[in-house]
Amino acid sequence: MGQKKYNISVEATLEVIGGKWKCVILCHLTHGKMRTSELKRLMPSITQKMLTQQLRELEQDGIVNRISYNQVPPRVEYELSEYGCSLTSILDALCAWGEKHIIKEYGDKSAVLEDNILNKL
């Protein structure tokens with residue numbers, strides 16, 4: 001099998017962080033380590049199965065680190081890896097554009113944005 005080819009480099013980026021949930025997960029992790037339950041609480045629309053799958057894929061791609069503590073009950077946290085931290089400026093730009101788009105479409109961002117740590121309402 002030959003080496004993978006991309007038509008444009010953004011395809012490689014989207015292959016790693018594309019989809020509905022990965023950027024949202026990464027934005028939350030820019031605020032520090034989080035347990036799966038914390039992420040789930042911040043993202044109530046995601047299923048547990050999807051959250052677990054997305055975290056595993058991000059871990060396999062070297063974007064997040066999974067930290068497992070040897071205790072009872074078991075405790076696992078996720079954090080951005082050093083490589084994952086290199087996405088911070090991209091994530092910030094996506095959030096800024098999204099905010100401008102919301103204001104353009106809806107006028108008042110507080111009418112459509114949830115009140116959480118990522119949204120400065």
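Student: Where does P73 lie in this predicted model?
Tutor: A cis peptide bond joins V72 and P73. Two strands flank the stretch that holds P73: β2, residues 64-69, and β3. P73 itself lies in the loop between β2 and β3.

Student: What is omega for the peptide bond that joins V72 and P73?
Tutor: P73 is in the loop between β2 and β3. The bond from V72 to P73 is cis. Its omega is about -5°.

Student: In what order do the elements of the chain run from the N terminus on?
Tutor: The secondary structure comes to 6 helices and 3 strands. Read from the N terminus, the order is α-α-β-α-α-β-β-α-α.

Student: What share of the residues of the chain count as buried?
Tutor: The chain has 121 residues. Its C-alpha atoms fill a box of roughly 45 × 45 × 25 Å along the principal axes. Buried means under 20% relative accessible area. By that cut-off the buried share is 27%.

Student: Among contacts between residues at least 6 apart in sequence, what share join residues at least 24 apart?
Tutor: One long-range case is L26, which touches L87 and L91, among others. For the chain, the count takes contacts between residues at least 6 apart. Those joining residues at least 24 apart make up 41%.

Student: Which element gives the most residues to the largest nonpolar core?
Tutor: The largest nonpolar core has 21 residues. Those with the most contacts inside it are I25, L26, L29, L51 and V64. Two or more residues come from each of α2, α4 (48-60) and β3 (75-80). The top contributor, with 5 residues, is α2.

Student: Is L29 buried or exposed?
Tutor: L29 sits in helix α2. It touches M34, L39, V64, Y78 and L80, leaving aside residues up to four places away in sequence. Its relative accessibility is 3%, so L29 counts as buried.

Student: What distance separates the C-alpha atoms of L29 and E114?
Tutor: L29 belongs to helix α2. Along the chain, L29 and E114 are 85 residues apart. In space, their C-alpha atoms are separated by 17 Å.

Student: Which residues does L26 touch, not counting those up to four places away in sequence?
Tutor: L26 is one of the residues with the most contacts inside the largest nonpolar core. It also takes part in the contact of α2 with α1. Beyond four places in sequence, L26 touches I17, L58, I63, V64, L80, L87 and L91.

Student: How are α1 and α2 oriented, parallel or perpendicular?
Tutor: The axes of α1 (residues 10-17) and α2 (residues 22-29) come within 8 Å. They cross at roughly 75°. That angle makes α1 roughly perpendicular to α2.

Student: How many nonpolar, polar and charged residues does the contact of α1 with α2 have?
Tutor: From α1 come E15, V16 and I17. From α2 come K22, C23 and L26. By class, that gives 4 nonpolar, no polar and 2 charged residues.

Student: How do the residues of the contact of α2 with α4 divide by class?
Tutor: The axes of α2 and α4 come within 10 Å and cross at roughly 75°. The two helices are therefore roughly perpendicular. K22, I25 and L26 of α2 meet L51, Q54, L55, E57 and L58 of α4. The division is 5 nonpolar, 1 polar and 2 charged.

Student: Which side chain meets E15 in a salt bridge?
Tutor: E15 is partly exposed, at 41% relative accessible area. The pair links distant parts of the chain, with E15 in helix α1 and its partner in the segment before α1, 11 residues apart. The N to O distance is 2.3 Å, and the partner is K4.

Student: Is E77 buried or exposed?
Tutor: E77 forms a salt bridge with R75, with the closest N and O atoms 2.9 Å apart. R75 has 23% relative accessibility and counts as partly exposed. E77 has a relative accessible area of 10%, so E77 is buried.

Student: How far apart are the closest N and O atoms of E105 and K104?
Tutor: E105 is partly exposed at 43%. K104 is exposed at 65%. The two form a salt bridge, and the distance is 2.8 Å.

Methods
Residues are numbered from 1 along each chain as its sequence is written. This is a predicted model: local features need pLDDT of at least 70, side-chain atom pairs count only at pLDDT 80 or more; totals for chains, interfaces and linings use all residues. Side-chain values use heavy atoms; hydrogens and water are left out. Axes are lines fitted to C-alpha atoms, for helices over the stretch in contact, and angles run from 0 to 180 degrees between N-to-C directions. Helices (H or I, at least four residues) and strands (E, at least two) are DSSP runs, numbered from the N terminus. Angles under 35 degrees count as roughly parallel, over 145 as roughly antiparallel, 65 to 115 as roughly perpendicular and the rest as oblique. Contact means heavy atoms within 4.5 Å. Ala, Val, Leu, Ile, Met, Phe, Trp, Tyr, Cys and Pro count as nonpolar, Asp, Glu, Lys and Arg as charged, and the others, Gly among them, as polar. A nonpolar core is a set of buried Ala, Val, Leu, Ile, Met, Phe, Trp, Tyr and Cys residues joined through side-chain atoms within 4.5 Å. Buried means under 20% relative accessible area, exposed over 50%, partly exposed in between (1.4 Å probe, protein chains only). A salt bridge is a side-chain nitrogen of Lys or Arg within 4 Å of a carboxyl oxygen of Asp or Glu.
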